[in-house]
Amino acid sequence: MALSIVESCVNCYACEPLCPSEAITKGEEIFLIDAKKCTECEGDFADPQCASICPIEGAILDAFGEAINAPGSLTGIPPLKLAEAMAEIQAR
Amino acid sequence: MELKVLGQDNTPPLTDSAPSGGCSSGTCGSSEDGMSHLPDSVREKVHNHPCYSEEAHHFYARMHVAVAPACNIQCHYCNRKYDCANESRPGVVSELLSPDQAAKKVLAVASEIPQMTVLGVAGPGDPLANPERTFATFHEIADKAPDIKLCLSTNGLALPDHVDEIEALNVDHVTITINCVDPEIGAQIYPWVFWNNRRIKGSKGAKILIERQQKGLEMLIERGILVKVNSVMIPGVNDEHLKEVSKIVKGKGAFLHNVMPLIAEKEHGTFYGVMGQRGPSKQELSDLQDACAGDMNMMRHCRQCRADAVGLLGEDRGQEFTLDKIEAMDIDYEAAMEKRANIHAGIEAHRDALRVEQAEKETPALIAPASAPPARIAITTKGGGVINEHFGHATEFLVYEASPEGVRFIGPRKVDNAYCVGPDVCPTGDDKGTVLDVILDALEDCSAVLSAKVGIEPWSRLEEAGITPSGEYAMDLIEEAVQGMYGDLIEAGWAAKDLEAQAAG
């Protein structure tokens, strides 16, 4: 059981010092979670720390590959509204 | 025997020995930005700080280093994915630096731009959500360039935990961004905070943030550390509420309140940008600043600069100090510090001479007939407190309001592109119209614009827009030029712009 970080990571360093297992390191492109060390914070914290401070929706996945922070859950922007705005900008 | 400090042979008299008054405006030399109500100790600290002293910002430079990428809260005006070289707003940077790299950059800039007095850490996240990186940078600079003042700006959540270290490092200026004191309003600005190992959403999270901000403010004041409060004005969310915020933070001892306009465009990808939350109009901003002013100095010259800005306020020379360029520089710290001391002494001598000149002048109680309507007048400057920038080179205009009672500073107006940055890259055809249209729009409330020079093409468009262009005041002191132009307008019987009607529109 381990979490993972995907390419939408913005390298903000917020997660790294919080990890109780020291499982997070800065990689070439993005931060990485060492699956062998990650405990999902079980026994240490109620919530996985990296996913609790990460500002980017979808950047941290659970052991099943599902985004822990779903679209819209952190910014409050409804995903449909964001898609509309992006489409509008593209069309300019 | 008095010891002479190198480069300070022409030590100016202390500010408090200079006569105060003699000018009705809030920005003239003799009143030091209307800061005369502050204790001497505070005035001394802000005297050469470009971000705090409106007068100083014409002479002294500052820089931010982007060493703090992490944040512990989310604000609806911020997008954490953002990273762009061409955009200028807080929280945007091109290059994240390690503390070592940052220290190198600071020493390079402080050597190349000897007007530099201040180093700030402002992001791109929150400096106190990255305490090791922020303080390591400060330690290095305190060691190698002890004349540089250290500042940081924070959302306040982690502030109470770091007051000891802030004090120990002689960081004597801290800016706290306080947008509200009511958690319900806070819930509309901050979707979450990370606190005690949990992400806490809504008003519950906002309440924690507010309590920590206020506690941090009180702790800093107790220790004699200067606190400026920044607030982002968000129409319909916290605009009215900011009057209360202003009263509270003043009451607790913040020495300056800086109300800034919300910047929100769809392309920024922020909550407010995408949801269509508008920013305030120029007049709404200036009205709220007036309403908050009371007996405390309001700050109106803030440029809302990037977390990696370098140079005088209003300019960004960051591109001259990229990592590869810094690597190639060979810097003698001692010599650089000596050079700075000399340059600063020269600037102070100049400011002093201006102050004496102002004080000696007979200033009439009214600078125009009492019945004359006020006029807003824009100027362009490269620094030094004089009109020395060409209209076509300006990406920012400083707007002043002249009225029979005197001249006061309203605020800067930024535009993305200068009308003409040089003969080779002048936009042509439709684009050229667009660049000028943006400038005309930014100056719509102005009756005149004073530059070192104004070209023929923009000249006629400015006149059509009811903005009298002038190059007559080139190299003149800003306030004197504005006052002179006001006289010219009155003499010419100009059609005054209805500032209130514009505000309503």
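**Exercise 1. The sheet of 7 strands in chain B**

Task: In this predicted model, find the strand order of the open sheet of 7 strands in chain B and state which strands stand at its edges.

Solution.
Step 1. The strands of this open sheet follow the order 9-8-5-4-3-1-10, and their pairing is mixed.
Step 2. Strand 9 (256-261) and strand 10 (310-312) of chain B each have a single partner strand, so they stand at the edges and one side of each lacks a neighbour in the sheet.
Step 3. From one strand to the next, the twist averages 25°.

**Exercise 2. One pair of strands and a helix**

Task: Are strand 5 and strand 8 of chain B parallel or antiparallel, and which helix packs on the sheet there?

Solution.
Step 1. Strands of a sheet can pair in two senses, parallel or antiparallel, through backbone hydrogen bonds.
Step 2. Strand 5 (residues 173-177) and strand 8 (residues 226-233) of chain B are parallel, with 5 bridges.
Step 3. One bridge links B:H173 to B:L226 in strand 8 of chain B.
Step 4. The helix is helix 6 (residues 202-222) of chain B, which touches both strand 5 and strand 8 of chain B. Its direction makes about 165° with that of strand 5 of chain B.

**Exercise 3. The sheet of 3 strands in chain B**

Task: Give the order of the open sheet of 3 strands in chain B and state how helix 6 of chain B lies across it.

Solution.
Step 1. The order is 2-6-7, with antiparallel pairing.
Step 2. Strand 2 (73-74) and strand 7 (198-201) of chain B are at the edges, because each has a single partner strand.
Step 3. Strand 2 of chain B is joined to strand 6 (residues 192-195) of chain B by 2 bridges; B:I73 has B:V193 as its bridge partner.
Step 4. Helix 6 of chain B lies across strand 2, strand 6 and strand 7 of chain B, at about 105° to strand 7 of chain B.

**Exercise 4. The interface of chain A and chain B**

Task: Describe the contact between chain A and chain B by its area, its residues and its polar links.

Solution.
Step 1. The two chains bury about 2,100 Å² between them, with 63% of it on carbon and sulfur atoms.
Step 2. Chain A gives 29 residues to the contact and chain B gives 25 residues.
Step 3. The interface has 2 salt bridges. One of them joins the side chains of B:R198 and A:D47 at 3.4 Å, N to O.
Step 4. Between the chains, 10 residue pairs are in polar contact, both residues at pLDDT 80 or more.
Step 5. On the side of chain A that touches chain B, helix 1 (49-53) and helix 2 (79-91) of chain A give two or more residues each. Helix 2 of chain A gives the most, with 5 residues.
Step 6. The residues on this side of chain A are 18 nonpolar, 7 polar and 4 charged.

Conventions:
Residues are numbered from 1 along each chain as its sequence is written. Chains are lettered from A and ligands numbered from 1 in the order in which they are written. This is a predicted model: local features need pLDDT of at least 70, side-chain atom pairs count only at pLDDT 80 or more; totals for chains, interfaces and linings use all residues. Side-chain values use heavy atoms; hydrogens and water are left out. Two strands pair if DSSP finds at least two bridges between them. Helices (H or I, at least four residues) and strands (E, at least two) are DSSP runs, numbered from the N terminus. Axes are lines fitted to C-alpha atoms, for helices over the stretch in contact, and angles run from 0 to 180 degrees between N-to-C directions. Contact means heavy atoms within 4.5 Å. Buried area is the accessible area (1.4 Å probe) that two parts lose on being put together, summed over both. A salt bridge is a side-chain nitrogen of Lys or Arg within 4 Å of a carboxyl oxygen of Asp or Glu. A polar contact is a pair of N or O atoms within 3.5 Å; within protein, one must be able to donate a hydrogen and the other to accept it, and residues adjacent in sequence count only if both atoms are side-chain atoms. Ala, Val, Leu, Ile, Met, Phe, Trp, Tyr, Cys and Pro count as nonpolar, Asp, Glu, Lys and Arg as charged, and the others, Gly among them, as polar.
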